[in-house]
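Reader: I am new to this structure and would like a close look at a single part, the surroundings of the ligand. Please take me through that part carefully.

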Amino acid sequence: MPQAMKWWGWGLEGIEFTHEDKPQLAGFIRERIGLDITTATAKPARFEDLGVPEPTLPEALGDALRAAVGAEHVSVDPLDRVIHARGKSIRDLIRTRRADLPRVPDAVLRPGTEDEVAAVLAAALEHDAVVIPFGGGSSISGSIEPPAEETRPVLSVDMSRLDRVLAIDPASRLARVQAGVYGPELEQQLGAQGFTMGHFPDSFTHSTLGGWIATRSSGMQSDRYGDVADITKGLRVVTPTGTLVVQPNPTMSTGPSIREMVLGSEGRLGIITEATVQVRRLPAERTILGYLFPTFAAGLAAMEEIAASEYTPSVTRVSDAPETQFSFATRKASTLLDTVQSKALQLFLKKRKGYDLEQMCLSFIGYEGSPEHVKAQRKGVGRIVGRHGGLCIGASPGVLYDQKKFDTPYIRDFLLDRGAAADVSETAMPWSKLQAVHTAVTAAGHGAFAQLGVQGYLMCHLSHSYHAGACLYFTFAFPPSPGGDMLAEYDVVKQAIQQAFVDNGATLSHHHAVGTEHAQWLQEDISAPGVRLLGALFDGTDPGRNLNPGKIV
Ligand code: FAD
């Protein structure tokens, strides 16, 4: 079984983000947000100070659960219960560090088969308990936290024992996979048979297939492999009325899509036990190249032209100027990215290419397939990049990006240790609205910083391109005002950014889900009838509101 994440932060104990191998970072952050990162000034509460409440598990329910999964798989251990109490949003991290606990689940259950999942759900319904499916606990939208006012017993159903690739149909390139498998284990099992699912979210190491499906997750190579919504073909879901089965047929005309109803259901319809997913043969070659563009607008225009073209890169990503400057500031000493700032290149960019270095934007484009395919794609995409004033800077930046992407999530804890908040908000929209959304959100974020009187930093990149549009992913950081409450001030910034999304016709989330964090914008996004439809779906399936109540609607 994979190691659980830290109860107080992201990832594994002993792994931390550090500035010490990044010579420019401390100076950059001091200049941009006035924060000294060379010394930690704050630490999370000690576990002993949390005051974890005793579990409330009626004897008859406890007996039924032990009969369902075996006594060794029913845990009332305080640490286990705290780890399963909430996800890893910045709100979660701030509150946990303050020893501000939510309603902690009364027990953590670890079923090992679909029958055991069904027995757990039956026992929970019989005893009117709340059931919250738990994948890796990496939710960033409040999707696994029990409602504060919940008086019924709360059970967290940890799916991590259901971690096998059960079968691969090579002719159809479909794999039957248990829902509790974590990213690395899944790719290892598929890779052993020459396949990949190609889904690599930044949370890959600490999230599961079931969690990805239940949140409509997206990974960095989605341009080629699709989002989880595209990858998931078949499903088995234990619901209050029996096991729901979606056959893995390529498409079907069977009324509104049941598959789509389960995708993004955040545990409100049942517990996903298995999915049949689309897999592909491992590519012979895989490369990510770095590019520079003179401006973000030029980078966006190039991405749009690539999406409209016959070329199909696996990754398309372009950072705005603030994110580009941050990327350069996080580079380690003597990497090849240094060459980007070398005098010769700077001179070339300024004099020969007419770049304003303050506006310059870094981009990554990935290619996969046979060597011939990769070569042809690189050439064609290179021509498009060139038409927009862009320039290829080789494979080294891509290699570095690939290496550090799973370490980046640790930076939020690092900044919290130094008294600053950092978080992300992401959205999607048609190509025609992209630039306007970027401008509006940037203005909204900086407006919020000004309102609070804080020195904040806001940056963005385009990731995940589609034929009709793309995802914009914003990151913001600020130290709170003197004497200010970090959580209250975070809310001001987060609200401004999210509101700017929906006000400008963009969605409330491209891949982080609704949970409780984004629920207030749902009606503006999907309309009042849309909200009613979702409510009717959940209420009809789960009239007792036993399944992860309070999420989405
Ligand atoms: P959990 O967090 O455990 O649960 C999430 C939701 O799914 C809950 O509602 C839960 O009840 C439900 N659920 C879980 N398993 C099941 C199941 N078997 N059956 C029914 N319901 C279930 N997301 C992305 O898409 N792309 C990213 O690049 C990305 N990067 C992230 C980086 C960081 C630092 C963080 C904190 C989060 C990131 N996320 C990202 C968000 C998060 O990782 C995803 O939402 C992920 O899909 C959650 O998977 P999980 O297994 O951790 O699920």
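Author: Helix α7 gives the largest share of the shell around the ligand, 5 residues, where helices (H or I, at least four residues) and strands (E, at least two) are DSSP runs numbered from the N terminus. The model is a predicted one, in which local features need pLDDT of at least 70 and side-chain atom pairs count only at pLDDT 80 or more, while totals for chains, interfaces and linings use all residues. Residue numbers start from 1 along each chain as its sequence is written.

Alongside α7 (209-215), the strands β3 (130-134) and β10 (271-278) each supply at least two residues of this shell. In total, 38 residues surround the ligand, and the closest are Gly135, Pro201, Gly210, Gly211 and Gly267; a residue is near a molecule if its C-beta atom, placed from the backbone, lies within 6 Å of it. By character, the shell divides into 15 nonpolar, 19 polar and 4 charged residues, with Ala, Val, Leu, Ile, Met, Phe, Trp, Tyr, Cys and Pro counted as nonpolar, Asp, Glu, Lys and Arg as charged, and the others, Gly among them, as polar.

A "binding site" annotation in the unreviewed UniProt entry covers Arg412, given in the numbering used here with a shortened feature name, and such annotations may be inferred rather than shown by experiment. Arg412 is found in helix α17 (residues 411-417), and it counts as buried because it has 24 C-beta neighbours inside 10 Å, the cut-offs being 20 or more other C-beta atoms within 10 Å for buried, 12 or fewer for exposed, and partly exposed in between, with C-beta atoms placed from the backbone.
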